[in-house]
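Me: Please take a close look at one part of this model, the sheet that involves both chains, and describe how its strands are arranged and what surrounds them.

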There are 2 protein chains.
Amino acid sequence: MPQLRKDPIIDRWVIIASERSKRPADYNHSHLPPDGNGTIPEHKDDCPFCYGNEDQTPPEVLAYRDGTPPDTPGWRLRVVPNKYPALQVDGELNRAGMGLYDVMNGVGAHEVIIETPKHNVTLGNLNPKEVESLLWSIKDRMTELRKDSKLMYIMVFKNCGSEAGATLEHPHSQLIATPIIPKRVSEEIIGCETHYKLRERCIYCDIINQELFDQRRIVIETDMFLVIAPFASRFPFEVWMLPKRHIASFRLTSPEEIKDFSWLLREVVRKMDGVLNYPPYNFMLHTSPCQDEELPHYHWHIEFTPKVTKVAGFEWGTGFYINPTPPEEVAEILKNYQ
Amino acid sequence: MPQLRKDPIIDRWVIIASERSKRPADYNHSHLPPDGNGTIPEHKDDCPFCYGNEDQTPPEVLAYRDGTPPDTPGWRLRVVPNKYPALQVDGELNRAGMGLYDVMNGVGAHEVIIETPKHNVTLGNLNPKEVESLLWSIKDRMTELRKDSKLMYIMVFKNCGSEAGATLEHPHSQLIATPIIPKRVSEEIIGCETHYKLRERCIYCDIINQELFDQRRIVIETDMFLVIAPFASRFPFEVWMLPKRHIASFRLTSPEEIKDFSWLLREVVRKMDGVLNYPPYNFMLHTSPCQDEELPHYHWHIEFTPKVTKVAGFEWGTGFYINPTPPEEVAEILKNYQ
């Protein structure tokens, strides 16, 4: 019989439909292996994120480079404003009503983090130093953007593969800073607050303890981090990565933790690429709002979701997910993949 | 400058990014025109929903047929349990806690409405009587299923095209009855209640009035129904269909309204098929919970969303949508398509 499970944070139910159970090989993947098979070159002349094409992006706002001038080759990582931004940096919010409706100007920031000059790699085969640079660039941009008091929240995410919404092949992540706290984030924070009021404990810390005790949903454990297949996973092979220490804001992660986490993130992608044959995926960094970095009830984490099934009418209509692969099976498979 | 707009019911913000504006021809569509070009036949021997293959589905729970025996040809519309159900009819809920987590058995119903014996048609070129039958079958199944007090909510939806999550080509809709009120539905009802407490009016009735006054987002108006491109549309070419009269439950729609609505639903699909070249799409019937059919603050409606863009990390992480095509443009285009 299928099982209904509830996410304890945002009260979202999912259906774990084990009768429809699917193994990794049952999922279709459309994302080509980015290298190793020679079909994608390390450099593409027409890619705006490759060396030599720096003038095809807006001027960089951050780059890690060894003495070369801005917007020229010689960088290891580059952050640039999105050429087609969903939100724009300049302007006033001008919040207004229109009868029943609320509007405001689309003020915010939309940036692209070009993770490496190499066109044909994935997070799973970048060298660990490069993944560490990606994490540092996120911290650096957060530090800079939170100075603008109009920006309430910074969402960092990665779309990999066209099925996951990527329009460019070159390895990159994105960052969108919004002038409001997004709905999904508020829901999480409210759920966390409710738990904290009852128990005086962070619910994510409680989840970490329960999962460490239970063991069945643990994918990777390091000194400082834990990767789990969450109890109420929405999607097959969904995993969450959490620091064991209570840290509300990603920006307050220590250099030692960043180093530990860079190994872990790379390892998760490597296992996913191996088990699901380079699936399209998204990851989303959930962190506390810009001005609330030390919340006792919030705990930063990354939600990593391979895109191997389609979201359909039932999910859109109800906010309820049908997941054919139980997280206990996912943890077992990923843990054992070497 | 992009504009942020808020849905007045569930406080969901969207970004209308007109700088990224896209016209219908910019969207890629993967759903083949189901007929007219001769590539898809009217009958397929290996389709479980075609005439003669009735034994390939579980026994029918409803059929409109002229005197022929159940589970044989001769039907005009057939409702059968899903062969791979996400929820199952028999059993007890057995709600339980597992530490922080909640679980219950996956009790419910999952049925398929086979809309027509013809394999190669769409809702846009079915004859109006057939669309009317589809609507009657939804009412009939709702009347039957609400007798089971374990079932709290019935979600009717359609996935058309593989990009929208359909696994079978033959025209069909689905129905899932759940033992809880789904998150997205509760959010809507709570939003409606809040408005009702303040104004003593249904917010959907208010939206209808405001849109009729404004006119810019109206796609179709009939005596009894309105189709609008909603102010805070999440997706390009999203439209909502609403009865003008205040009706909380779809089940309480009158025969005259069903007739009017069957023309309207067909017309919406015909316009979408024409403008977007047979896009994959979902529609979701939002109606009141089974035991609350006369809520003064809720108003049934159908949300229709073509799947012409990909949902990516930002949307998953924030619940915030980026929509490149303003609803005012969508209304203009759809209204003018003859």
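Reply: Two strands count as paired here if DSSP finds at least two bridges between them. On that basis, this predicted model has an open sheet of five strands, in the order β15(A)-β2(A)-β1(A)-β6(B)-β5(B), with mixed pairing. Its edges are formed by β15 (321-323) of chain A and β5 (96-98) of chain B, each of which pairs on one side only. On average, and with direction ignored, neighbouring strands of the sheet are turned by 30° against each other.

The link between the chains lies where strand β1 (residues 3-6) of chain A runs antiparallel to strand β6 (residues 101-105) of chain B, the two being joined by four bridges; within this pairing, A:L4 has B:M104 as its bridge partner in β6(B). Inside chain A, β1(A) is also joined by four bridges to strand β2 (residues 13-16), again in an antiparallel arrangement, and here A:K6 stands opposite A:W13 in β2(A). As a general point, strands of a sheet pair through backbone hydrogen bonds, either parallel or antiparallel.

This sheet belongs to a wider meeting of the two chains, in which 61 residues of chain A are in contact with 61 residues of chain B; the side of chain A that touches chain B comprises 31 nonpolar, 17 polar and 13 charged residues.

As for the chain that supplies β1, chain A has six helices and 15 strands in total, and 52% of its 338 residues count as buried. Its radius of gyration of 20 Å agrees with the value near 20 Å for a compact globule of 338 residues.

Methods. Residues are numbered from 1 along each chain as its sequence is written. Chains are lettered from A and ligands numbered from 1 in the order in which they are written. This is a predicted model: local features need pLDDT of at least 70, side-chain atom pairs count only at pLDDT 80 or more; totals for chains, interfaces and linings use all residues. Two residues are in contact if their C-beta atoms, placed from the backbone, lie within 7 Å. Ala, Val, Leu, Ile, Met, Phe, Trp, Tyr, Cys and Pro count as nonpolar, Asp, Glu, Lys and Arg as charged, and the others, Gly among them, as polar. Axes are lines fitted to C-alpha atoms, for helices over the stretch in contact, and angles run from 0 to 180 degrees between N-to-C directions. The radius of gyration is taken over C-alpha atoms; the globule rule is 2.2 Å times the number of residues to the power 0.38. A residue is buried if 20 or more other C-beta atoms lie within 10 Å of its own, exposed if 12 or fewer, and partly exposed in between; C-beta atoms are placed from the backbone.
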